[in-house]
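This report concerns one protein chain. The sequence and the structure are shown first, and the description follows.

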Amino acid sequence: MQGVPTMERFRTRKALLALMAASGLLLTACSGGGDTGEGSKAADRPEYGAGEPAPAHGDEDGTSERDDRREDPGHLSTFALDVDTASYDYARRSLADGRLPDPSTVRPEEFVNSFRQDYERPDGDGFSVTVDGARTDDEDWSLVRVGLATRTAERGGERPPAALTFVIDVSGSMAEPGRLDLAKESLSVMTDRLHDDDSVALVTFSDEAETVLPMTRLDGNRDEIQDAVSDLDTQDSTNLGAGVETGYETAVEGLREGATNRVVLISDALANTGDTDADSILERISGERREHGITLFGVGVGSDYGDALMERLADKGDGHTVYVSDEDEARKVFSEQLPRNVDLTARDAKAQVAFDPETVEEFRLIGYDNRRVADEDFRDDRVDGGEVGPGHTVTALYAVRTEPGARGHLATATVRWLDPETRDPHEETGDLEADALHGSLRAAPSRFQVTAVAAYFADTLRSRDDRYDRLPGAPVGFAELADRARVLSDTTEDGAVRELARAIERAGRQRD
(Lines give C-alpha, C1' and ligand atoms only; values in the text may rest on other atoms or scores of the structure.)
Protein backbone atom coordinates (compact mmCIF):
# COMPACT_ATOMS: atom_id res chain seq x y z
CA MET A 1 0.00 0.00 0.00
CA GLN A 2 1.35 3.42 -0.83
CA GLY A 3 2.11 5.91 1.88
CA VAL A 4 -0.73 8.11 3.13
CA PRO A 5 -0.49 11.80 2.17
CA THR A 6 -0.89 14.57 4.68
CA MET A 7 -4.30 15.99 5.44
CA GLU A 8 -3.13 19.35 4.08
CA ARG A 9 -2.34 17.72 0.72
CA PHE A 10 -5.74 16.07 0.71
CA ARG A 11 -7.57 19.31 1.41
CA THR A 12 -5.57 21.15 -1.26
CA ARG A 13 -6.37 18.50 -3.86
CA LYS A 14 -10.10 18.58 -2.96
CA ALA A 15 -10.11 22.36 -3.34
CA LEU A 16 -8.50 22.10 -6.77
CA LEU A 17 -11.04 19.46 -7.83
CA ALA A 18 -13.88 21.69 -6.69
CA LEU A 19 -12.43 24.65 -8.61
CA MET A 20 -12.08 22.55 -11.77
CA ALA A 21 -15.66 21.35 -11.43
CA ALA A 22 -16.93 24.90 -11.03
CA SER A 23 -15.01 25.89 -14.16
CA GLY A 24 -16.62 23.11 -16.17
CA LEU A 25 -13.25 21.41 -16.77
CA LEU A 26 -13.91 18.23 -14.83
CA LEU A 27 -15.24 15.16 -16.69
CA THR A 28 -18.60 14.13 -15.29
CA ALA A 29 -20.08 10.75 -14.53
CA CYS A 30 -23.30 9.28 -13.13
CA SER A 31 -24.43 10.77 -9.88
CA GLY A 32 -24.99 8.86 -6.83
CA GLY A 33 -26.30 5.32 -7.24
CA GLY A 34 -23.23 3.13 -7.39
CA ASP A 35 -22.65 1.12 -10.54
CA THR A 36 -25.76 0.21 -12.45
CA GLY A 37 -25.03 -3.45 -13.02
CA GLU A 38 -24.91 -2.83 -16.78
CA GLY A 39 -21.22 -1.94 -16.91
CA SER A 40 -19.71 1.23 -15.48
CA LYS A 41 -17.39 3.08 -17.83
CA ALA A 42 -14.44 4.04 -15.70
CA ALA A 43 -12.89 6.79 -17.78
CA ASP A 44 -15.96 8.30 -19.32
CA ARG A 45 -19.00 8.34 -17.05
CA PRO A 46 -21.32 11.40 -17.20
CA GLU A 47 -21.64 13.46 -13.96
CA TYR A 48 -19.54 12.60 -10.96
CA GLY A 49 -21.45 11.54 -7.89
CA ALA A 50 -21.11 13.22 -4.54
CA GLY A 51 -19.79 10.19 -2.70
CA GLU A 52 -16.27 9.98 -1.34
CA PRO A 53 -14.23 6.83 -1.85
CA ALA A 54 -12.88 4.64 0.87
CA PRO A 55 -10.11 5.90 3.14
CA ALA A 56 -6.63 4.46 2.88
CA HIS A 57 -6.87 3.53 6.54
CA GLY A 58 -10.35 3.30 8.06
CA ASP A 59 -10.67 5.27 11.27
CA GLU A 60 -13.81 4.87 13.32
CA ASP A 61 -15.07 8.32 12.40
CA GLY A 62 -14.27 7.93 8.72
CA THR A 63 -12.12 11.11 8.73
CA SER A 64 -8.71 9.55 8.05
CA GLU A 65 -6.34 10.77 5.36
CA ARG A 66 -6.83 9.49 1.81
CA ASP A 67 -4.51 8.58 -1.03
CA ASP A 68 -4.86 10.55 -4.31
CA ARG A 69 -5.74 7.42 -6.27
CA ARG A 70 -8.93 6.95 -4.24
CA GLU A 71 -10.42 10.36 -5.04
CA ASP A 72 -12.31 9.59 -8.27
CA PRO A 73 -16.02 9.08 -7.43
CA GLY A 74 -16.64 7.83 -10.98
CA HIS A 75 -14.89 4.61 -10.02
CA LEU A 76 -16.97 3.68 -6.97
CA SER A 77 -19.29 0.73 -6.36
CA THR A 78 -21.28 0.62 -3.12
CA PHE A 79 -23.65 -2.02 -1.76
CA ALA A 80 -25.17 -3.32 1.47
CA LEU A 81 -23.79 -6.64 2.68
CA ASP A 82 -25.98 -9.69 2.12
CA VAL A 83 -25.59 -13.20 3.54
CA ASP A 84 -28.78 -14.64 1.99
CA THR A 85 -28.57 -18.06 0.31
CA ALA A 86 -32.26 -18.74 -0.44
CA SER A 87 -31.98 -18.15 -4.18
CA TYR A 88 -29.42 -20.93 -4.69
CA ASP A 89 -31.24 -23.43 -2.48
CA TYR A 90 -34.57 -22.73 -4.19
CA ALA A 91 -32.93 -23.14 -7.60
CA ARG A 92 -31.62 -26.55 -6.54
CA ARG A 93 -35.11 -27.51 -5.37
CA SER A 94 -36.61 -26.43 -8.70
CA LEU A 95 -34.02 -28.42 -10.66
CA ALA A 96 -34.59 -31.48 -8.49
CA ASP A 97 -38.30 -31.16 -9.31
CA GLY A 98 -37.46 -31.18 -13.02
CA ARG A 99 -37.77 -27.51 -13.96
CA LEU A 100 -35.45 -24.57 -14.53
CA PRO A 101 -35.85 -21.77 -11.99
CA ASP A 102 -37.46 -18.55 -13.17
CA PRO A 103 -34.60 -16.11 -14.04
CA SER A 104 -36.19 -13.50 -11.75
CA THR A 105 -35.50 -15.74 -8.72
CA VAL A 106 -31.81 -16.20 -9.58
CA ARG A 107 -29.60 -13.85 -7.55
CA PRO A 108 -25.90 -14.49 -8.29
CA GLU A 109 -24.63 -13.17 -4.96
CA GLU A 110 -26.71 -15.81 -3.14
CA PHE A 111 -25.23 -18.55 -5.31
CA VAL A 112 -21.73 -17.28 -4.56
CA ASN A 113 -22.37 -16.89 -0.82
CA SER A 114 -23.63 -20.47 -0.51
CA PHE A 115 -20.11 -21.92 -0.45
CA ARG A 116 -17.39 -22.08 2.15
CA GLN A 117 -14.48 -19.69 1.73
CA ASP A 118 -10.98 -19.71 3.19
CA TYR A 119 -10.64 -16.02 3.97
CA GLU A 120 -8.47 -15.07 6.89
CA ARG A 121 -10.61 -14.38 9.96
CA PRO A 122 -10.19 -11.30 12.16
CA ASP A 123 -8.91 -11.73 15.70
CA GLY A 124 -11.84 -9.89 17.26
CA ASP A 125 -15.17 -8.39 16.25
CA GLY A 126 -15.48 -6.80 12.86
CA PHE A 127 -14.28 -7.94 9.44
CA SER A 128 -11.22 -9.02 7.55
CA VAL A 129 -10.99 -7.87 3.93
CA THR A 130 -9.54 -10.03 1.15
CA VAL A 131 -9.29 -8.79 -2.44
CA ASP A 132 -8.00 -11.07 -5.21
CA GLY A 133 -8.68 -11.79 -8.86
CA ALA A 134 -7.96 -13.85 -11.95
CA ARG A 135 -7.81 -13.11 -15.65
CA THR A 136 -10.44 -14.69 -17.91
CA ASP A 137 -10.18 -15.90 -21.50
CA ASP A 138 -11.79 -12.65 -22.66
CA GLU A 139 -9.07 -10.14 -23.45
CA ASP A 140 -8.37 -7.63 -20.65
CA TRP A 141 -11.31 -8.95 -18.59
CA SER A 142 -10.80 -10.34 -15.09
CA LEU A 143 -12.96 -11.53 -12.23
CA VAL A 144 -12.18 -9.67 -9.00
CA ARG A 145 -13.36 -11.12 -5.70
CA VAL A 146 -13.96 -9.03 -2.58
CA GLY A 147 -14.17 -11.31 0.45
CA LEU A 148 -15.29 -10.23 3.92
CA ALA A 149 -15.20 -12.49 6.96
CA THR A 150 -16.20 -12.23 10.62
CA ARG A 151 -14.74 -14.11 13.54
CA THR A 152 -15.53 -17.80 13.82
CA ALA A 153 -18.69 -18.78 15.69
CA GLU A 154 -17.53 -21.15 18.41
CA ARG A 155 -19.61 -24.15 19.33
CA GLY A 156 -20.88 -23.82 22.86
CA GLY A 157 -19.07 -20.52 23.22
CA GLU A 158 -20.20 -17.55 25.25
CA ARG A 159 -22.82 -15.35 23.62
CA PRO A 160 -25.60 -13.06 24.78
CA PRO A 161 -28.93 -14.77 25.44
CA ALA A 162 -31.36 -14.97 22.53
CA ALA A 163 -35.00 -13.90 22.51
CA LEU A 164 -36.48 -15.54 19.41
CA THR A 165 -40.05 -14.97 18.23
CA PHE A 166 -41.03 -17.68 15.75
CA VAL A 167 -43.73 -16.56 13.32
CA ILE A 168 -45.07 -19.74 11.74
CA ASP A 169 -47.26 -20.02 8.67
CA VAL A 170 -50.08 -22.51 9.36
CA SER A 171 -52.12 -21.75 6.25
CA GLY A 172 -53.56 -24.52 4.12
CA SER A 173 -50.64 -24.52 1.67
CA MET A 174 -48.30 -25.46 4.54
CA ALA A 175 -49.97 -28.88 4.76
CA GLU A 176 -47.84 -30.09 1.82
CA PRO A 177 -45.07 -32.47 2.98
CA GLY A 178 -41.87 -30.60 3.57
CA ARG A 179 -43.52 -27.47 4.94
CA LEU A 180 -45.19 -27.33 8.38
CA ASP A 181 -44.09 -30.86 9.26
CA LEU A 182 -40.49 -29.88 8.51
CA ALA A 183 -40.83 -26.68 10.54
CA LYS A 184 -42.27 -28.52 13.56
CA GLU A 185 -39.52 -31.13 13.54
CA SER A 186 -36.84 -28.44 13.19
CA LEU A 187 -38.26 -26.30 16.01
CA SER A 188 -38.47 -29.31 18.28
CA VAL A 189 -34.82 -30.20 17.73
CA MET A 190 -33.70 -26.58 18.06
CA THR A 191 -35.53 -26.19 21.36
CA ASP A 192 -33.24 -28.87 22.78
CA ARG A 193 -30.16 -27.05 21.47
CA LEU A 194 -30.81 -23.55 22.81
CA HIS A 195 -29.34 -22.41 26.13
CA ASP A 196 -31.32 -22.33 29.36
CA ASP A 197 -31.08 -18.52 29.37
CA ASP A 198 -32.57 -18.22 25.88
CA SER A 199 -36.25 -17.42 25.33
CA VAL A 200 -38.74 -18.26 22.60
CA ALA A 201 -42.23 -17.12 21.63
CA LEU A 202 -44.57 -18.66 19.06
CA VAL A 203 -46.91 -16.76 16.74
CA THR A 204 -49.02 -18.51 14.11
CA PHE A 205 -50.90 -17.05 11.18
CA SER A 206 -53.37 -18.20 8.57
CA ASP A 207 -56.30 -15.84 7.86
CA GLU A 208 -55.54 -14.23 11.24
CA ALA A 209 -52.52 -14.15 13.55
CA GLU A 210 -52.31 -15.46 17.11
CA THR A 211 -49.67 -15.53 19.82
CA VAL A 212 -49.80 -19.12 21.03
CA LEU A 213 -46.82 -18.80 23.38
CA PRO A 214 -45.55 -15.51 24.86
CA MET A 215 -41.82 -15.02 25.38
CA THR A 216 -40.78 -17.95 27.58
CA ARG A 217 -37.41 -18.87 29.08
CA LEU A 218 -36.09 -22.30 28.09
CA ASP A 219 -34.92 -23.11 31.60
CA GLY A 220 -37.61 -25.27 33.22
CA ASN A 221 -40.08 -24.72 30.37
CA ARG A 222 -38.84 -26.92 27.55
CA ASP A 223 -41.76 -29.33 27.84
CA GLU A 224 -44.27 -26.48 27.59
CA ILE A 225 -42.52 -25.16 24.50
CA GLN A 226 -42.35 -28.61 22.91
CA ASP A 227 -46.08 -29.09 23.52
CA ALA A 228 -46.86 -25.75 21.85
CA VAL A 229 -44.81 -26.77 18.81
CA SER A 230 -46.43 -30.20 18.66
CA ASP A 231 -49.94 -28.68 18.64
CA LEU A 232 -49.32 -26.61 15.50
CA ASP A 233 -51.73 -27.53 12.70
CA THR A 234 -52.71 -26.08 9.33
CA GLN A 235 -55.81 -23.91 8.90
CA ASP A 236 -56.94 -21.57 6.10
CA SER A 237 -55.56 -18.61 4.11
CA THR A 238 -52.16 -16.87 4.27
CA ASN A 239 -52.30 -13.46 5.96
CA LEU A 240 -48.54 -13.03 6.14
CA GLY A 241 -48.80 -9.33 6.92
CA ALA A 242 -50.82 -10.01 10.06
CA GLY A 243 -48.34 -12.69 11.08
CA VAL A 244 -45.33 -10.40 10.76
CA GLU A 245 -47.06 -7.53 12.55
CA THR A 246 -48.21 -9.73 15.45
CA GLY A 247 -44.77 -11.33 15.57
CA TYR A 248 -43.05 -8.00 16.06
CA GLU A 249 -45.61 -6.92 18.66
CA THR A 250 -44.94 -10.15 20.56
CA ALA A 251 -41.19 -9.61 20.25
CA VAL A 252 -41.49 -6.10 21.69
CA GLU A 253 -43.66 -7.32 24.58
CA GLY A 254 -41.04 -9.95 25.38
CA LEU A 255 -38.05 -7.72 24.63
CA ARG A 256 -34.99 -8.57 26.69
CA GLU A 257 -32.29 -5.99 27.31
CA GLY A 258 -28.82 -7.34 26.58
CA ALA A 259 -30.23 -10.18 24.48
CA THR A 260 -30.31 -10.72 20.73
CA ASN A 261 -33.96 -10.07 19.84
CA ARG A 262 -34.97 -11.64 16.55
CA VAL A 263 -38.11 -12.58 14.64
CA VAL A 264 -37.85 -15.88 12.73
CA LEU A 265 -40.44 -16.11 9.94
CA ILE A 266 -41.13 -19.64 8.62
CA SER A 267 -43.37 -19.61 5.56
CA ASP A 268 -43.84 -20.49 1.91
CA ALA A 269 -44.59 -16.75 1.52
CA LEU A 270 -47.61 -17.37 -0.69
CA ALA A 271 -49.56 -14.48 0.80
CA ASN A 272 -53.17 -14.27 -0.43
CA THR A 273 -55.06 -12.48 2.35
CA GLY A 274 -54.68 -9.09 3.99
CA ASP A 275 -51.59 -7.03 3.27
CA THR A 276 -49.48 -8.79 0.61
CA ASP A 277 -47.07 -5.93 -0.21
CA ALA A 278 -43.63 -6.21 1.40
CA ASP A 279 -43.03 -2.44 1.67
CA SER A 280 -46.43 -1.90 3.30
CA ILE A 281 -45.82 -4.72 5.79
CA LEU A 282 -42.38 -3.32 6.64
CA GLU A 283 -43.80 0.16 7.14
CA ARG A 284 -46.22 -1.18 9.75
CA ILE A 285 -43.37 -2.62 11.82
CA SER A 286 -40.80 0.11 11.13
CA GLY A 287 -40.99 1.53 14.65
CA GLU A 288 -40.24 -1.82 16.30
CA ARG A 289 -37.35 -2.46 13.94
CA ARG A 290 -35.68 0.91 14.36
CA GLU A 291 -36.35 1.58 18.04
CA HIS A 292 -35.58 -1.88 19.37
CA GLY A 293 -33.17 -3.23 16.75
CA ILE A 294 -35.18 -6.44 16.20
CA THR A 295 -33.82 -8.34 13.19
CA LEU A 296 -35.63 -10.70 10.85
CA PHE A 297 -34.54 -14.19 9.83
CA GLY A 298 -36.64 -15.65 7.01
CA VAL A 299 -36.87 -19.41 6.42
CA GLY A 300 -38.53 -20.33 3.13
CA VAL A 301 -40.15 -23.72 2.53
CA GLY A 302 -42.25 -25.42 -0.16
CA SER A 303 -41.96 -26.29 -3.84
CA ASP A 304 -44.13 -23.25 -4.63
CA TYR A 305 -42.46 -20.40 -2.81
CA GLY A 306 -42.99 -16.63 -2.73
CA ASP A 307 -39.33 -15.84 -3.22
CA ALA A 308 -39.72 -12.15 -4.09
CA LEU A 309 -41.85 -11.33 -1.03
CA MET A 310 -39.61 -13.17 1.44
CA GLU A 311 -36.44 -11.69 -0.03
CA ARG A 312 -37.83 -8.17 0.12
CA LEU A 313 -38.95 -8.58 3.71
CA ALA A 314 -35.54 -9.84 4.81
CA ASP A 315 -33.46 -7.33 2.86
CA LYS A 316 -35.42 -4.33 4.10
CA GLY A 317 -36.16 -5.87 7.50
CA ASP A 318 -32.56 -5.91 8.74
CA GLY A 319 -32.11 -9.62 8.24
CA HIS A 320 -31.52 -12.42 5.78
CA THR A 321 -33.19 -15.49 4.30
CA VAL A 322 -32.49 -19.16 3.76
CA TYR A 323 -34.51 -21.81 1.98
CA VAL A 324 -34.86 -25.41 3.18
CA SER A 325 -36.34 -28.30 1.24
CA ASP A 326 -35.51 -31.37 3.30
CA GLU A 327 -34.72 -32.58 6.81
CA ASP A 328 -30.94 -32.35 6.39
CA GLU A 329 -31.08 -28.71 5.34
CA ALA A 330 -33.61 -27.83 8.04
CA ARG A 331 -31.53 -29.54 10.72
CA LYS A 332 -28.46 -27.60 9.60
CA VAL A 333 -30.31 -24.27 9.76
CA PHE A 334 -32.23 -24.76 13.00
CA SER A 335 -29.88 -27.02 14.94
CA GLU A 336 -26.53 -25.57 13.93
CA GLN A 337 -26.64 -22.20 12.20
CA LEU A 338 -29.38 -20.39 14.10
CA PRO A 339 -28.40 -21.42 17.66
CA ARG A 340 -24.74 -20.57 17.02
CA ASN A 341 -25.36 -17.37 15.10
CA VAL A 342 -28.10 -15.63 17.02
CA ASP A 343 -25.49 -13.05 18.01
CA LEU A 344 -24.69 -10.13 15.70
CA THR A 345 -21.21 -8.93 14.79
CA ALA A 346 -22.21 -5.96 12.67
CA ARG A 347 -25.23 -3.78 11.94
CA ASP A 348 -25.85 -1.76 8.79
CA ALA A 349 -22.70 -3.09 7.13
CA LYS A 350 -21.85 -1.68 3.70
CA ALA A 351 -18.98 -2.19 1.29
CA GLN A 352 -17.47 0.29 -1.14
CA VAL A 353 -14.95 -0.62 -3.83
CA ALA A 354 -12.85 2.15 -5.42
CA PHE A 355 -11.36 1.19 -8.78
CA ASP A 356 -8.22 2.96 -9.97
CA PRO A 357 -8.98 5.16 -13.04
CA GLU A 358 -5.46 4.69 -14.37
CA THR A 359 -5.73 0.90 -14.59
CA VAL A 360 -9.46 0.06 -14.77
CA GLU A 361 -11.48 0.82 -17.89
CA GLU A 362 -14.81 -0.75 -16.92
CA PHE A 363 -16.35 -2.77 -14.09
CA ARG A 364 -19.61 -4.46 -13.18
CA LEU A 365 -20.80 -5.82 -9.84
CA ILE A 366 -22.28 -9.29 -10.29
CA GLY A 367 -25.62 -9.49 -8.52
CA TYR A 368 -26.57 -7.42 -5.46
CA ASP A 369 -29.20 -5.81 -7.71
CA ASN A 370 -31.48 -5.08 -4.75
CA ARG A 371 -28.66 -4.10 -2.40
CA ARG A 372 -27.08 -1.17 -4.24
CA VAL A 373 -26.39 1.93 -2.13
CA ALA A 374 -25.75 5.46 -3.40
CA ASP A 375 -22.01 6.12 -3.27
CA GLU A 376 -22.46 9.25 -1.18
CA ASP A 377 -24.43 7.24 1.43
CA PHE A 378 -21.56 4.91 2.25
CA ARG A 379 -20.73 6.81 5.45
CA ASP A 380 -24.28 7.92 6.17
CA ASP A 381 -25.06 5.53 9.02
CA ARG A 382 -28.76 6.35 8.80
CA VAL A 383 -28.85 4.46 5.49
CA ASP A 384 -29.73 0.80 5.88
CA GLY A 385 -27.01 -1.80 5.41
CA GLY A 386 -26.80 -5.51 6.15
CA GLU A 387 -26.71 -7.41 9.45
CA VAL A 388 -23.94 -9.99 9.79
CA GLY A 389 -23.23 -12.49 12.55
CA PRO A 390 -20.13 -14.40 13.65
CA GLY A 391 -18.86 -17.14 11.38
CA HIS A 392 -20.16 -15.51 8.20
CA THR A 393 -18.36 -14.71 4.97
CA VAL A 394 -19.63 -12.29 2.35
CA THR A 395 -18.33 -12.43 -1.21
CA ALA A 396 -18.82 -9.91 -4.01
CA LEU A 397 -17.58 -10.69 -7.50
CA TYR A 398 -16.81 -8.05 -10.13
CA ALA A 399 -16.21 -8.31 -13.85
CA VAL A 400 -13.37 -5.85 -14.46
CA ARG A 401 -11.85 -4.73 -17.76
CA THR A 402 -8.37 -3.34 -17.23
CA GLU A 403 -6.43 -1.02 -19.46
CA PRO A 404 -4.19 -2.99 -21.86
CA GLY A 405 -0.93 -3.78 -20.08
CA ALA A 406 -2.22 -2.31 -16.82
CA ARG A 407 0.27 -2.30 -13.95
CA GLY A 408 0.04 -1.08 -10.39
CA HIS A 409 -2.97 -0.49 -8.18
CA LEU A 410 -6.37 -1.82 -9.33
CA ALA A 411 -8.82 -1.44 -6.46
CA THR A 412 -9.36 -0.76 -2.78
CA ALA A 413 -12.29 -2.33 -0.92
CA THR A 414 -13.62 -0.90 2.34
CA VAL A 415 -16.26 -2.33 4.64
CA ARG A 416 -18.04 -0.07 7.14
CA TRP A 417 -20.27 -1.30 9.94
CA LEU A 418 -21.79 -0.29 13.26
CA ASP A 419 -21.11 -2.02 16.54
CA PRO A 420 -24.38 -3.84 17.42
CA GLU A 421 -24.42 -2.47 20.97
CA THR A 422 -22.75 0.97 20.89
CA ARG A 423 -23.63 1.81 17.25
CA ASP A 424 -20.07 3.16 16.86
CA PRO A 425 -18.82 3.00 13.24
CA HIS A 426 -15.76 1.01 12.20
CA GLU A 427 -13.98 0.42 8.89
CA GLU A 428 -11.46 -2.00 7.41
CA THR A 429 -9.81 -2.00 3.96
CA GLY A 430 -7.97 -4.23 1.52
CA ASP A 431 -6.13 -3.60 -1.78
CA LEU A 432 -5.47 -5.37 -5.07
CA GLU A 433 -2.55 -4.79 -7.44
CA ALA A 434 -2.55 -5.74 -11.12
CA ASP A 435 0.44 -8.04 -10.78
CA ALA A 436 -1.43 -10.00 -8.08
CA LEU A 437 -4.06 -11.19 -10.58
CA HIS A 438 -3.82 -14.90 -11.33
CA GLY A 439 -3.00 -15.57 -14.96
CA SER A 440 -6.17 -17.60 -15.53
CA LEU A 441 -9.17 -18.92 -13.62
CA ARG A 442 -7.67 -22.42 -13.59
CA ALA A 443 -4.51 -21.00 -12.00
CA ALA A 444 -6.50 -19.42 -9.17
CA PRO A 445 -7.01 -21.13 -5.78
CA SER A 446 -9.76 -23.76 -5.72
CA ARG A 447 -12.11 -21.66 -3.57
CA PHE A 448 -11.84 -18.78 -6.03
CA GLN A 449 -12.69 -21.22 -8.81
CA VAL A 450 -15.75 -22.43 -6.89
CA THR A 451 -16.85 -18.79 -6.57
CA ALA A 452 -16.47 -18.32 -10.31
CA VAL A 453 -18.36 -21.53 -11.18
CA ALA A 454 -21.25 -20.55 -8.85
CA ALA A 455 -21.43 -17.11 -10.50
CA TYR A 456 -21.28 -18.61 -14.00
CA PHE A 457 -24.04 -21.06 -13.05
CA ALA A 458 -26.31 -18.21 -11.95
CA ASP A 459 -25.32 -16.26 -15.05
CA THR A 460 -26.24 -19.15 -17.35
CA LEU A 461 -29.58 -19.67 -15.60
CA ARG A 462 -30.36 -15.96 -16.03
CA SER A 463 -29.25 -15.90 -19.67
CA ARG A 464 -32.82 -16.68 -20.76
CA ASP A 465 -33.62 -13.11 -19.68
CA ASP A 466 -31.97 -10.67 -22.11
CA ARG A 467 -31.86 -7.96 -19.45
CA TYR A 468 -28.68 -9.50 -18.09
CA ASP A 469 -25.27 -9.30 -19.79
CA ARG A 470 -23.19 -12.49 -19.87
CA LEU A 471 -20.08 -12.59 -17.71
CA PRO A 472 -16.65 -12.47 -19.33
CA GLY A 473 -15.06 -15.90 -19.74
CA ALA A 474 -18.41 -17.67 -19.34
CA PRO A 475 -18.41 -21.33 -20.50
CA VAL A 476 -20.37 -22.12 -23.63
CA GLY A 477 -23.00 -24.15 -21.78
CA PHE A 478 -23.88 -26.24 -18.75
CA ALA A 479 -21.78 -29.25 -19.84
CA GLU A 480 -18.44 -27.44 -19.63
CA LEU A 481 -19.48 -25.78 -16.38
CA ALA A 482 -20.49 -29.14 -14.87
CA ASP A 483 -17.08 -30.57 -15.83
CA ARG A 484 -15.35 -27.73 -13.96
CA ALA A 485 -17.56 -28.27 -10.91
CA ARG A 486 -16.86 -32.03 -10.84
CA VAL A 487 -13.10 -31.42 -10.92
CA LEU A 488 -13.42 -28.89 -8.10
CA SER A 489 -15.53 -31.28 -6.03
CA ASP A 490 -12.65 -33.76 -6.18
CA THR A 491 -10.07 -31.08 -5.43
CA THR A 492 -11.92 -29.60 -2.47
CA GLU A 493 -13.51 -32.85 -1.22
CA ASP A 494 -16.50 -30.65 -0.41
CA GLY A 495 -19.98 -32.17 -0.50
CA ALA A 496 -21.52 -28.76 -1.25
CA VAL A 497 -19.40 -28.49 -4.41
CA ARG A 498 -20.44 -32.01 -5.45
CA GLU A 499 -24.06 -30.94 -5.07
CA LEU A 500 -23.29 -27.88 -7.19
CA ALA A 501 -22.02 -30.17 -9.96
CA ARG A 502 -25.23 -32.25 -9.74
CA ALA A 503 -27.40 -29.13 -9.93
CA ILE A 504 -25.54 -27.93 -13.04
CA GLU A 505 -25.98 -31.36 -14.64
CA ARG A 506 -29.72 -31.25 -13.92
CA ALA A 507 -29.93 -27.78 -15.46
CA GLY A 508 -28.20 -29.09 -18.57
CA ARG A 509 -30.73 -31.89 -18.89
CA GLN A 510 -33.62 -29.43 -18.54
CA ARG A 511 -32.12 -27.13 -21.17
CA ASP A 512 -31.63 -30.00 -23.68
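## Helix α2 and the residue after it

Gly98, just after α2, adopts a positive phi of about 90 degrees. This value, like every other in the report, comes from a predicted model.

Helix α2 itself spans residues 86-96 and is mostly covered, with 10 of its 11 residues buried. The buried set comprises Ala86, Ser87, Tyr88, Asp89, Tyr90, Ala91, Arg92, Arg93, Ser94 and Leu95. Charged residues are thus found among the buried positions of α2, including Asp89, Arg92 and Arg93.

## The chain as a whole

The chain contains 13 helices and 16 strands. Of its 512 residues, 58% are buried. Among contacts with a separation of 6 or more, 78% are between residues 24 or more positions apart.

The accessible surface of the chain amounts to about 20600 Å², and carbon and sulfur atoms contribute 42% of that area.

## Glu311 in helix α9

Glu311 belongs to helix α9, which covers residues 307-316. Is Glu311 buried or exposed? Its relative accessible area is 7%, and because the limit for a buried residue is under 20%, Glu311 counts as buried.

When neighbours within four places in sequence are left aside, the contacts of Glu311 are Asp84, Arg107, Glu110, Thr321 and Asn370. This list includes Asp84 and Glu110, which count as negative, and Arg107, which counts as positive.

## A patch of negative charge

Which residues gather in a patch of negative charge on the surface? The patch consists of Asp181, Asp326, Glu327 and Asp328. Asp326, Glu327 and Asp328 carry consecutive residue numbers, while Asp181 comes from helix α4 (residues 180-193).

Asp181 has a relative accessible area of 44% and is therefore partly exposed. A residue needs over 30% relative accessible area and no salt bridge to be part of a patch, and the 44% of Asp181 satisfies the area condition.

## Asp231 in a loop

Asp231 is located in the loop that runs between α5 (222-230) and α6 (240-253). With a relative accessibility of 62%, Asp231 is classed as exposed, since the limit for that class is over 50%.

Val212 and Asp231 are separated by 19 residues in sequence. In space, the C-alpha to C-alpha distance between Val212 and Asp231 is 9.9 Å.

## Three acidic residues in summary

The three acidic residues described individually fall into three classes of accessibility: Glu311 is buried at 7%, Asp181 is partly exposed at 44%, and Asp231 is exposed at 62%.

Notes
Residues numbered from 1 in each chain as written. Predicted model: local features only at pLDDT ≥ 70, side-chain atom pairs only at ≥ 80, totals over all residues. Heavy atoms only, no water. Helix = DSSP H or I, 4+ residues; strand = E, 2+ residues; numbered from the N terminus. Buried < 20%, exposed > 50% of the residue type's maximum accessible area, 1.4 Å probe, protein only. Contact = heavy atoms within 4.5 Å. Areas by Shrake-Rupley, 256 points an atom, 1.4 Å probe, with all protein chains shown as cover. Patch = residues over 30% accessible without salt bridge, like charges linked within 9 Å, V, L, I, M, F, W, Y side chains within 5 Å. Salt bridge = Lys/Arg side-chain N within 4 Å of Asp/Glu carboxyl O. Charge placed at Lys NZ, Arg CZ, Asp CG, Glu CD.
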